[in-house]
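Work through the exercises below with the sequence and the 3D view at hand. Try each task before reading its solution.

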Amino acid sequence: MNLEKVVFGFFVLLAATLNFGFFIGDISDPTLHSPWELYAAVVVNLIATVLKFGDRTQIGAVHLATSLVADLQLMAATVVYVYAEHVSSAGLDAHATSSYVSLSGGALLANMVSLVLLVVETVSFQRR
């Protein structure tokens with residue numbers, strides 16, 4: 001068993017599940033979308049991105065691209081959340097909530113693509 005592949009797969013899957021846990025629920029209800037889960041998703045996605053830098057294959061490049069997209073979307077969602085919560089006079093209303101949850105949905109899609117790539121790569125791996 002390759003420990004590096006286990007750690008890589010763990011963080012890719014954890015990033016997707018944290019993102020899914022944050023995304024699921026009524027898109028306009030801020031009580032269903034914990035900011036701590038958003039922050040955890042950002043941190044784990046950043047760790048997964050760092051782990052993807054070493055792979056020099058074509059599929060590794062696509063893995064990195066999906067991770068960078070997820071990072072960008074989650075950071076944008078965090079910025080929208082922080083602005084709505086701490087700067088905006090309207091506060092954390094349904095519009096702001098739907099904006100940052102929608103951004104996390106884009107990151108979720110990128111994470112799902114990364115998971116599909118991981119499964120395809122694993123299934124096509126041949127022992128030598």
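A residue is buried under 20% relative accessible area, exposed over 50%, and partly exposed in between (1.4 Å probe, protein chains only). The model is predicted: local features need pLDDT of at least 70, side-chain atom pairs count only at pLDDT 80 or more, and totals for chains, interfaces and linings use all residues. Residues are numbered from 1 along each chain as its sequence is written, and side-chain values use heavy atoms, with hydrogens and water left out.

**Exercise 1. The overall fold**

Task: State how many helices and strands the protein has, and give the pattern along the sequence.

Solution:
Step 1. Helices (H or I, at least four residues) and strands (E, at least two) are DSSP runs, numbered from the N terminus.
Step 2. The protein has four helices and zero strands.
Step 3. Along the sequence the pattern reads α-α-α-α.
Step 4. Along the principal axes, the C-alpha atoms fill a box of roughly 60 × 25 × 20 Å.

**Exercise 2. Buried, partly exposed or exposed?**

Task: Classify Ile-47, Val-87, Phe-22 and Thr-49.

Solution:
Step 1. Ile-47 lies in helix 2. Its relative accessibility is 34%, so Ile-47 counts as partly exposed.
Step 2. Val-87 sits in the loop between helix 3 and helix 4 (94–124). Val-87 has a relative accessible area of 57%, so it is exposed.
Step 3. Phe-22 belongs to helix 1. Its relative accessible area is 1%, so Phe-22 is buried.
Step 4. Thr-49 is in helix 2. At 4% relative accessibility, Thr-49 is therefore buried.
Step 5. Now take the whole protein: 35% of its 128 residues are buried.

**Exercise 3. Sequence and space**

Task: For Val-87 and Leu-109, give the separation along the chain and in space. Do likewise for Phe-22 and Ala-110, then for Thr-49 and Asn-111.

Solution:
Step 1. Val-87 and Leu-109 are 22 residues apart along the chain, and their C-alpha atoms are separated by 29 Å.
Step 2. Phe-22 and Ala-110 are 88 residues apart in sequence but 15 Å apart, C-alpha to C-alpha.
Step 3. Thr-49 and Asn-111 are 62 residues apart along the chain, with 11 Å between their C-alpha atoms.

**Exercise 4. The nonpolar patch**

Task: Name the residues of the nonpolar surface patch of about 690 Å².

Solution:
Step 1. Patches are made of residues with over 30% relative accessible area and no salt bridge; like charges are joined within 9 Å, nonpolar side chains (Val, Leu, Ile, Met, Phe, Trp, Tyr) within 5 Å.
Step 2. A salt bridge is a side-chain nitrogen of Lys or Arg within 4 Å of a carboxyl oxygen of Asp or Glu.
Step 3. Accessible areas come from the Shrake-Rupley method with a 1.4 Å probe; for residues, only the protein chains shown count as cover.
Step 4. The patch is made by Met-1, Leu-3, Val-6, Val-7, Val-43, Ile-47 and Leu-51.
Step 5. Helix 1 and helix 2 each supply at least two of the patch residues.
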